[in-house]
Amino acid sequence: MQPAMATARATPARRGRPGYDLESLLAVAVKVFNERGYEATSMEDLSRRLGITKSAIYHHVSGKDELLRLAVDRALDGLSEAAEEAAAVDGRAIDRLEHLVRRSVHVLVERLPFVTLLLRVRGNTKVERQALARRRAFDHLAGELVRQAEAEGDIRPDVDPAVVSRLLFGLVNSVTEWYRPRGGMGAAALAEAVCKIAFDGLRRRPAEDVTSSTR
């Protein structure tokens with residue numbers, strides 16, 4: 001199976017003002033975008049929050065669009081890596097699907113602000129449309145794994161595969177609405193909880209096969 005998503009192109013390093021690097025600037029920008037909304041946030045808003053001039057921000061990036069691209073690419077690159085790992089897992093499709101879900105939870109926890117912003121992208125700009133295209137590629141991979149798992153007889157046949165895929169990753173994505181790193185469970189424990197809830201209900205049990213054969 002070939003990976004469904006390509007890793008974003010690298011951004012050439014820019015020399016920034018002493019004491020303020022691109023990484024810390026991006027972290028603050030993502031926080032403001034998530035609080036105010038990307039469209040409602042101006043460069044002036046970012047300047048005030050950062051405590052630096054707009055020209056100092058432009059020393060690092062070309063503008064607000066580049067900050068958005070860097071942010072959503074951070075989330076999408078993590079999901080792309082998860083997809084590549086899942087594709088390389090030996091065994092049945094349901095094993096690759098569970099690996100994909102588990103790794104996606106890890107990406108969400110480790111890159112929470114970036115994934116939160118990605119999930120709020122609506123396609124109003126070129127950067128947003130590119131992000132949505134990459135996200136659709138990920139969703140397509142997940143849907144294919146669900147269909148393969150059902151074809152192999154590992155997923156209960158009474159639920160449409162398209163519905164299964166949406167519900168499964170809707171469960172994963174919903175974590176952004178309530179998960180808080182401080183004082184909460186770690187990524188591994190959270191991934192285990194999600195997989196138990198999801199796959200205990202999805203997996204076809206031997207008793208179901210016996211019932212089907214006696215009808």
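This passage walks through the fold of the protein, then looks at some of its rings, charges and buried residues.

The model described here is a predicted one. Helices do the building: the protein has 10 of them and zero strands. Read from the N terminus, the elements go α-α-α-α-α-α-α-α-α-α. The chain has 215 residues, and 44% of these count as buried. The accessible surface adds up to about 11500 Å², with 52% of it belonging to carbon and sulfur atoms. What about contacts between parts of the chain that sit apart in sequence? Taking contacts between residues at least 6 apart, 73% of them join residues at least 24 apart.

One stretch carries a label from a database. UniProt, in an unreviewed entry, lists residues 42-61 as "DNA-binding region". In the model, this stretch is 65% helix and 0% strand, and the C-alpha atoms at its two ends are 14 Å apart. Ser42, where the listed stretch begins, sits in the loop between helix H1 (22-36) and helix H2 (43-50). Is Ser42 buried or exposed? It falls in between: its relative accessibility is 30%, so Ser42 counts as partly exposed. Ser42 and Lys64 are 22 residues apart along the chain, and 7.8 Å separates their C-alpha atoms. Lys64 also has an aromatic partner, as it lies over the face of Tyr38, at 4.4 Å from the ring centre. A second charge is placed over a ring elsewhere: the charged end of Arg74 sits over Phe114, 4.9 Å from the centre of that ring.

Rings also pair with other rings. A pair of aromatic rings is described by how far apart the centres are and by the angle between the planes. Searching the whole structure turns up three aromatic pairs. One of them is made by Phe138 and Phe169, whose ring centres are 5.6 Å apart. Why is this pair called edge-to-face? The planes of Phe138 and Phe169 stand at 90 degrees, and an angle over 60 counts as edge-to-face. Phe138 belongs to helix H7 (residues 126-151) and Phe169 to helix H8 (residues 161-178), so this pair ties together parts that are 31 residues apart in sequence. Both partners are tucked away: Phe138 counts as buried at 5% relative accessibility, and Phe169 is buried with a relative accessible area of 7%. Another of the pairs is formed by Trp178 and Tyr179, with ring centres 6.2 Å apart and planes at 75 degrees, so it is edge-to-face as well. Tyr179 has a relative accessibility of 3% and therefore counts as buried.

Helix H5 (residues 93-110) holds Val107, and Leu97 is placed in helix H5 too. Leu97 has a relative accessible area of 0%, so it is buried. Which residues does Leu97 touch, leaving aside those up to four places away in sequence? They are Ala142, Leu145, Val146, Ile155, Leu168, Phe169 and Phe199. In that list is Phe169, the ring that pairs with Phe138. Leu97 and Ala86 are 11 residues apart in sequence, with 7.0 Å between their C-alpha atoms. Val107 is buried as well, at a relative accessible area of 2%. With residues up to four places away in sequence left out, Val107 touches Ala75, Gly78, Leu79, Leu112 and Val115. Between the C-alpha atoms of Val107 and Asp77 there are 9.4 Å, for residues 30 apart along the chain.

Some buried residues have polar side chains that find partners. Asn34 lies in helix H1 and has a relative accessible area of 17%. That value is under 20%, so Asn34 is buried. The side chain of Asn34 reaches the backbone oxygen of Pro113 at 3.1 Å. Beyond residues up to four places away in sequence, Asn34 touches Pro113, Thr116, Leu117 and Arg120. Glu128, found in helix H7, counts as buried at 5% relative accessibility. A polar atom of the Glu128 side chain lies 3.3 Å from the backbone nitrogen of Arg122. Arg122 is also among the residues Glu128 touches, not counting residues up to four places away in sequence; the others are Leu68, Val121 and Gly123. Glu128 and Arg69 are 59 residues apart in sequence, yet their C-alpha atoms are 7.9 Å apart in space.

Key: Residues numbered from 1 in each chain as written. Predicted model: local features only at pLDDT ≥ 70, side-chain atom pairs only at ≥ 80, totals over all residues. Heavy atoms only, no water. Helix = DSSP H or I, 4+ residues; strand = E, 2+ residues; numbered from the N terminus. Buried < 20%, exposed > 50% of the residue type's maximum accessible area, 1.4 Å probe, protein only. Contact = heavy atoms within 4.5 Å. Areas by Shrake-Rupley, 256 points an atom, 1.4 Å probe, with all protein chains shown as cover. UniProt positions renumbered as here; feature names shortened; annotations may be inferred. Phe/Tyr/Trp six-rings, centres within 6.5 Å; stacked < 30°, edge-to-face > 60°. Lys NZ or Arg CZ within 6 Å of the ring centre and 35° of its normal. Polar contact = N/O pair within 3.5 Å; in protein donor to acceptor, adjacent residues only side chain to side chain.
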